[in-house]
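User: I'm new to this protein and I'd like a close look at a single residue, then a walk out into its surroundings. Please keep it casual and explain the terms as you go.

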Amino acid sequence: MTWLLRVVDEADRAPHSSMGRRVVAMLARQAQADRCSIEDLAAWAAPLSSGAYADPVVRRMLGRITWVAVRDSPIGSSAWRAGARLLGAQWAANRSLRGVSSEELAALEPGRRRALVTDLVYQARNGDAVAAQMRDMGMLRVEDTDWWLDELRQVEAQLAGHTPAFFALDALADAVDDERAARVVEAAEAATPRWESLAARFAPAARAERKRRRQVSGRGEGEQWNVESALGEEEFAALMRALHQQVDVSGGARPVPAWPALSRAQQQTVAERALSFLCAGPDAADEVGADLVTEACQVVEAWDLALLDRVPAAHWLQWLPGLWQVPGGYVLLSSALQRAVAHDEGATVAFLLQVMISDVTAVAFHQRRIRLPQLSARALERLKEEHPPVQVLAALFDIAAAALPAETAEVAVSVLQRSAAVRSDIATDASVNRDTAVASGACLAACPMAAPVFDALIKVFEDDVPLARAIIGGAHANANHAWSALAPSQRGRLYLWAHRVLPRQLTAPGRIVRSDPVDEFASTVVGPLISQPSLENAAILADLAGQTSSVWLQADAVQMRDAVRAQAWRPPSVADVREVLTSPSRRIIGSREQFAAVVAEALGHVADDLRADRALRAQLWHRQRRDNGWAGYVPAEEREVSSWLARELERRLRDRAAVLREVEINPRLADTDGDIPDLLAVAHTTGAQALSVPGEVKCSWHRQVVTALRDQLGLRYLQGPHGTTGVYVAVYFGGSAWDTSDSRQKQSARRSLAQLRQDLLQEAADLAAHGVTAHVCVLDASLEADALSDQSAG
């Protein structure tokens, strides 16, 4: 069986294709001969759609074997879990099991039956619907009410509304007798905090009203339902009960079952009555009133959504407590919250803060849309004051990040570092700390991160790769727009880590496999750099290509750089062309930004040549002689490096530009010195215009080698008449040829070449946020000792 799954692609396993039908027939023969386990069948069925379970051969093959696995296998075993998954899929598609009688279903041992319901509801996204299905199938029974109630009492009150026991009791609300309903209400009232939803659902008045709604009011035993009699109901509640009649008419949306049987004029009449009912401000405090308001809103929406704007805003705030208890009413509740916030934000926040005590997960869902700062601030306070369970922790992070992402990131990284630090402590619960670390890391994935926060995250990833993999998986499953808020330089660093630590698993050509977010993480991180063309992204991609030897990234960088330039290019005028032909030394450059990009490209060529040519690097060093022998090398002074770089740039730019050294660009003013950059590139354009781009050069031993990018180039040279675009060149010195007696060596060793590049790219990203563009180029002038020449006598 294993070899079959390895050979046949997932796309060819379903019975809708010719290959899939042959595979199903082969599996059926294996299963009939007991040569195929339930785990093998579950592995085969994992990628199937729900429609595949309706195939007759699949139904015959799976029906009996999955039932036997659930009936006979130890609860919780791999066979049990596989059988439960397949059983739930079959019930969802067919409402029955082929080859299993109703008597066998009824005879299932109660403990197994309850465990099966628990597993299926827990795995489902729509627990209320699955619980109702289990009730209809006879798996969820009235006599189990007290057992489910005991299960719910053992759950932390804040999480009670999201457990299988809650969904099971909710599905039994109309099936239990009055005595059992009273016990549920009593338990709900005794819970702290109170189980509001169950108390309202099992209340005698609510049960009676639902029972009345299931009946068509005002008709005799054999009287036929008709539209005219339904529309003749004077009370809106009676009208809704009458329109809950199932009709055999096809149609689109059904706010009430009989909606498709109405003509357009009749639908408009019902919608207008629903709108009048809403504008009157009905009471929605109990379940019956909330359900009626919900149905009225659905009717109005089905006719014209814009009509809801006519409902007085104060009514939405009044209805919030009742609408919150309506099962599955997230869409309407979200709309009501937005309207209530527009009417009275303070009262809406007060309501949500109260609800957040007992239903923090639902509050997190709605906060993603309404983004209330007061709600986020309260969630941050709870995160700092408390140590909540993981589910509550994740919800609080979602609430906080919706309106205060930067502050949330700082708290999340603190929780992550604390949890990661204690995971190895045998005196603590490692699983709890791991879950806490994953929840906080997944929150960080959706937040913009300042440099210290991002550095802390990278360190956690480097120190604990299994935890990093879990965080990546958790962020993919839970976080909204995971990793979308990263700065370009942060994407570069994260890609380098993923490229080194998370090598992608090779797949045989032609195979279709499930995507693993961990294996795809490097592509996920670098994807926005490739899909969002800019010169900055092109420079980062080129740098990544150089560090990873990736020809694909290099090709993307070249293509992006050409595309950006082509997009910005404007055809020259006839006069410009004539002037260029007359004076070949002139070039058509439309802006300082274009000229800066040309200078940055030339610097990139200098960096490539330095990397490949030791003799060229040696021009930036002075050979030292001591005691009639060569004692090594020391770097040239910074002004010598600047002069050498000016000559190299001018040689490479040829007639396109002049590169000047230490030209005053902003004059001295009173006691303030003038601004004199190390380099000033000047291009003569057509006409009388000349473009200039200032540049600053710093060597790696300089104390301000990183901060000068902002303080000197960004805040001084790029704040005057020479525009907001410049170049910053950092020359890195290192290597074994450096004479150890030179004090500059220790200062240069404070940062590695990679760290220097990362720090400068981060500084450039910060400047870009303020409208200043600094092209960063890091030249590697490191020199290794030559055993034959450097150590011999001169």
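Is Cys447 buried or exposed, and what is its relative accessible area?

Analyst: Cys447 is buried, and its relative accessible area is just 1%. Here, buried means under 20% relative accessible area, exposed means over 50%, and partly exposed is anything in between, with a 1.4 Å probe and only protein chains counted. Before going on, a word on the model: it is predicted, so local features need a pLDDT of at least 70 and side-chain atom pairs a pLDDT of 80 or more, while totals for chains, interfaces and linings use all residues. Residues are numbered from 1 along each chain as its sequence is written, and side-chain values use heavy atoms, leaving out hydrogens and water.

Back to that cysteine. The closest cysteine sulfur to the one in Cys447 belongs to Cys443, and at 4.1 Å it is too far away for a bond. A disulfide would be a pair of cysteine sulfur atoms within 2.5 Å, and the structure holds zero of them. Cys777 is another buried cysteine, with a relative accessible area of 10%.

Now zoom out. There are 794 residues, and 47% of them are buried. The accessible surface (Shrake-Rupley method, 1.4 Å probe, with only the protein chains shown counting as cover for residues) is about 38300 Å², and carbon and sulfur atoms supply 51% of that. The protein has 38 helices and seven strands, both being DSSP runs numbered from the N terminus: H or I with at least four residues for helices, E with at least two for strands. A contact is a pair with heavy atoms within 4.5 Å. Of the contacts with a separation of 6 or more, 66% join residues 24 or more positions apart.

Next, the interior. A nonpolar core is a set of buried Ala, Val, Leu, Ile, Met, Phe, Trp, Tyr and Cys residues joined through side-chain atoms within 4.5 Å. The largest one has 117 residues, and Leu278 and Trp483 have the most contacts inside it. Helix 23 (residues 390-403) gives this core its largest share, eight residues. Setting aside residues up to four places away in sequence, Leu278 touches Val293, Ala296, Cys297, Val300, Leu308, Val311, His315 and Trp319. Apart from that core lies another, of 43 residues, including Trp80, Val130, Leu169 and Ala187.

Trp483 sits in the loop between helix 27 (465-478) and helix 28 (488-501). At 4% relative accessibility, Trp483 counts as buried, and its phi is positive, about 65°, although it isn't a glycine. Ser549 also has a positive phi without being a glycine, near 55°. But Ser549 counts as exposed, at 64% relative accessibility, in the loop between helix 30 (535-548) and helix 31 (551-568).

Leu169, one of the residues in that second core, belongs to helix 10 (residues 164-171), and its relative accessible area is 0%. Helix 10 is mostly covered, with eight of its eight residues buried. Those buried residues pack against helix 7 (110-123), helix 8 (127-137), helix 9 (145-153) and helix 12 (196-201). Beyond its neighbours within four places, Leu169 contacts Thr145, Trp148, Leu149, Leu152, Leu198 and Phe202. Its C-alpha is also 8.7 Å from that of Ala131, which is 38 residues away along the chain.

Over in helix 21 (residues 360-370) you'll find Val363, buried at 1% relative accessibility. Leaving out residues up to four places away, Val363 touches Trp324, Leu352, Val355, Met356, Leu375 and Ile399. In space, C-alpha to C-alpha, Val363 is 9.3 Å from Asp398, though 35 residues separate them in sequence.

Leu375 leads us to helix 22, where it is buried along with Ser376, Ala379, Leu380, Arg382 and Leu383. Looking down the axis of helix 22, these buried residues fall within an arc of 160°, so they line one face; the arc is taken from the directions from the helix axis to the C-beta atoms. An α-helix has 3.6 residues a turn, so residues three or four places apart point the same way. The face of helix 22 turned away from the buried side carries exposed Lys384 and Glu385. From first C-alpha to last, the 13 residues of helix 22 (373-385) reach 18 Å, close to the expected 18 Å, which is 1.5 Å times one less than the number of residues.
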